[in-house]
Amino acid sequence: MKYDLHVHTTASDGVLSPAEVIQKAYRAGLSGLAITDHDTVSGLREAEEFLQKEPLDFTFIPGIEMNTEWDENEIHILGYFINPLYRPLLDRLVEIRQLRYQRAQKIVHTLQEMNYKIEMEQVKNLAEGEMIGRPHIARALIENAYVRSIDEAFLKLLGRGKPAYVPRYKFQPAEAIHLIKEAGGVAVLAHPGLIRDPGKITETIHLGIEGIEVYYPQHSSEQIEYFLAMAQQENLLITGGSDFHGPGGEENRNHLGMASIDATNLRRLYNYCNAKKKE
Ligand code: AMP
Ligand code: ZN
Ligand code: FE
Ligand code: FE
């Protein structure tokens with residue numbers, strides 16, 4: 001039994017719709033998945049409606065991924081089983097998506113000043129949902145034949161320290177963790193192996209993190225061992241997922257189920273969440 005707890009859809013910067021990723025995962029033999037779109041919960045309803053119409057023997061876990069920043073470190077916080085109707089969370093997500101939009105405008109403007117032909121209109125059309133992110137700008141750059149892949153767009157232009165980099169709006173892990181817990185969810189540290197300053201891993205955990213994404217495509221086997229030991233030491237739940245954004249290309253992030261957890265770790269997550277709800 002394999003459960004992929006980190007999947008993006010068209011509601012954020014993925015290329016398959018919520019129904020499409022579930023069908024793909026089911027056909028690929030996964031037992032379940034979590035949709036974890038960036039800074040939005042708008043894909044969760046479609047997923048649940050799809051499974052009501054088409055009852056499959058398949059576990060669906062509602063989630064979110066919040067992209068935060070702390071002292072120049074990208075720190076992503078996953079939230080599972082949040083109440084998707086919790087107002088303070090929804091209101092803050094609306095604000096964050098507006099700030100994302102403004103950031104995208106600044107990036108496009110910077111690119112135009114560098115003589116790249118790119119318009120906000122094109123980027124908006126590539127974003128099918130309500131959230132805009134750098135991958136949508138990367139896709140516009142691919143369409144306009146400036147780069148061949150999303151990775152190349154980040155390496156040459158959009159990544160931190162590159163010429164078209166625009167700093168993120170202020171949104172820190174402490175706030176994301178707080179919002180997830182207030183909304184009844186479980187706060188998990190996403191892909192700790194990608195955090196630039198390793199000291200920030202334990203610092204973030206001590207802000208109130210409840211689980212750690214141990215299994216992740218870019219984690220080496222040494223990192224997996226290290227984070228498993230950290231989970232035990234810090235008494236954290238163990239999660240994992242592929243960070244699937246869509247099929248195609250040689251991009252990483254394109255293999256559904258490439259990282260996952262087993263039924264035991266999934267049961268621990270459920271038990272933890274149920275115990276919390278009873279408190
Ligand atoms: P943003 O949230 O707008 O800052 O964009 C960052 C997002 O881009 C990450 O959460 C990833 O999902 C996605 N992404 C895709 N390819 C890359 C890459 N090569 N480097 C960094 N981020 C990437
Ligand atoms: Zn993404
Ligand atoms: Fe992430
Ligand atoms: Fe992700």
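Which side chain has an N or O atom 3.0 Å from an oxygen atom of ligand 1? The side chain is that of His245. This is a predicted model. His245 also appears among the protein donors of the zinc ion (ligand 2), through NE2.

## Ligand 1 and its shell

Ligand 1 sits in the largest pocket. The shell around ligand 1 holds 15 residues. Asn67, Arg103, Arg134, Asp151 and Arg168 are the closest of them. On its own, ligand 1 exposes 490 Å². The protein buries 87% of that area.

Polar side-chain atoms reach the ligand from several places. One belongs to Asn67, 2.8 Å from an oxygen atom of ligand 1. Another belongs to Arg100, at 2.9 Å from an oxygen atom of ligand 1. For His245 the corresponding distance is 3.0 Å. Helices supply part of the shell. Helix H3 (87–113), helix H5 (134–143) and helix H6 (150–158) are the elements that give two or more residues to it. H6 gives the largest share, 3 residues.

## The zinc ion

The zinc ion (ligand 2) takes its protein donors from Asp13, His38 and His245. Asp13 is listed twice, each time as OD, while both histidines use NE2. These donors lie 1.9 to 2.5 Å from the zinc ion (ligand 2). Along the chain, the spacing reads D-x24-H-x206-H.

Asp13 and His38 link distant parts of the chain. Asp13 is in the loop between strand E1 (3–7) and helix H1 (18–27). His38 is in strand E2 (residues 32–38). The two residues are 25 residues apart. Both Asp13 and His38 are buried.

## The iron ions

The iron ion (ligand 3) has Glu65 (OE), His76 (ND1) and His191 (NE2) as its protein donors. They lie 2.0 to 2.2 Å from the iron ion (ligand 3). Their spacing along the chain is E-x10-H-x114-H. His76 belongs to strand E4 (residues 73–80). His191 belongs to the loop between strand E5 (186–189) and helix H8 (199–205). This pair also links distant parts of the chain, at 115 residues apart.

What joins the iron ion (ligand 3) and the iron ion (ligand 4)? Glu65 bridges them, and the two ions lie 3.4 Å apart. The iron ion (ligand 4) is also 4.7 Å from the zinc ion (ligand 2).

## His191 up close

Is His191 buried or exposed? Its relative accessible area is 6%, under the 20% cut-off, so His191 counts as buried. His76 is buried as well.

His191 makes polar contacts with the side chains of its fellow donors. One contact, of 3.3 Å, is with the side chain of Glu65. Another, of 3.2 Å, joins the side chains of His191 and His76. Glu65 and His76 are themselves donors of the iron ion (ligand 3).

## Two positive phi values

Most residues other than glycine have a negative phi. Asp71 has a positive phi of about 45°, although it is not a glycine. Asp243 also has a positive phi, near 60°.

Both aspartates are in loops. Asp71 is in the loop between strand E3 (59–70) and E4. Asp243 is in the loop between strand E7 (237–240) and helix H10 (263–278). Their accessibility differs. Asp71 counts as exposed because its relative accessibility is 51%, over the 50% cut-off. Asp243 counts as buried because its relative accessibility is 2%, under the 20% cut-off.

## Two helix residues

Lys24 lies in helix H1. Is Lys24 buried, partly exposed or exposed? At 34% relative accessibility, it counts as partly exposed. Lys24 and Arg253 are 229 residues apart along the chain. Their C-alpha atoms are separated by 15 Å.

Ser221 is in helix H9 (residues 221–234). Its relative accessible area is 51%, so Ser221 is exposed. Ser221 and Tyr86 are 135 residues apart along the chain. The separation of their C-alpha atoms is 38 Å.

Note on methods. Residues numbered from 1 in each chain as written. Chains lettered and ligands numbered in written order. Predicted model: local features only at pLDDT ≥ 70, side-chain atom pairs only at ≥ 80, totals over all residues. Heavy atoms only, no water. Donors = N, O, S within 2.8 Å, 3.2 Å for Na, K, Ca; no water. Helix = DSSP H or I, 4+ residues; strand = E, 2+ residues; numbered from the N terminus. Buried < 20%, exposed > 50% of the residue type's maximum accessible area, 1.4 Å probe, protein only. Near = heavy atom within 4 Å. Polar contact = N/O pair within 3.5 Å; in protein donor to acceptor, adjacent residues only side chain to side chain. Areas by Shrake-Rupley, 256 points an atom, 1.4 Å probe, with all protein chains shown as cover. 1 Å grid on protein atoms, 1.4 Å probe; cavity = no way out; pocket = protein on both sides within 12 Å on 5 of 7 lines; lining within 4 Å. Sits in = over half its atoms within 2 Å of the grid points.
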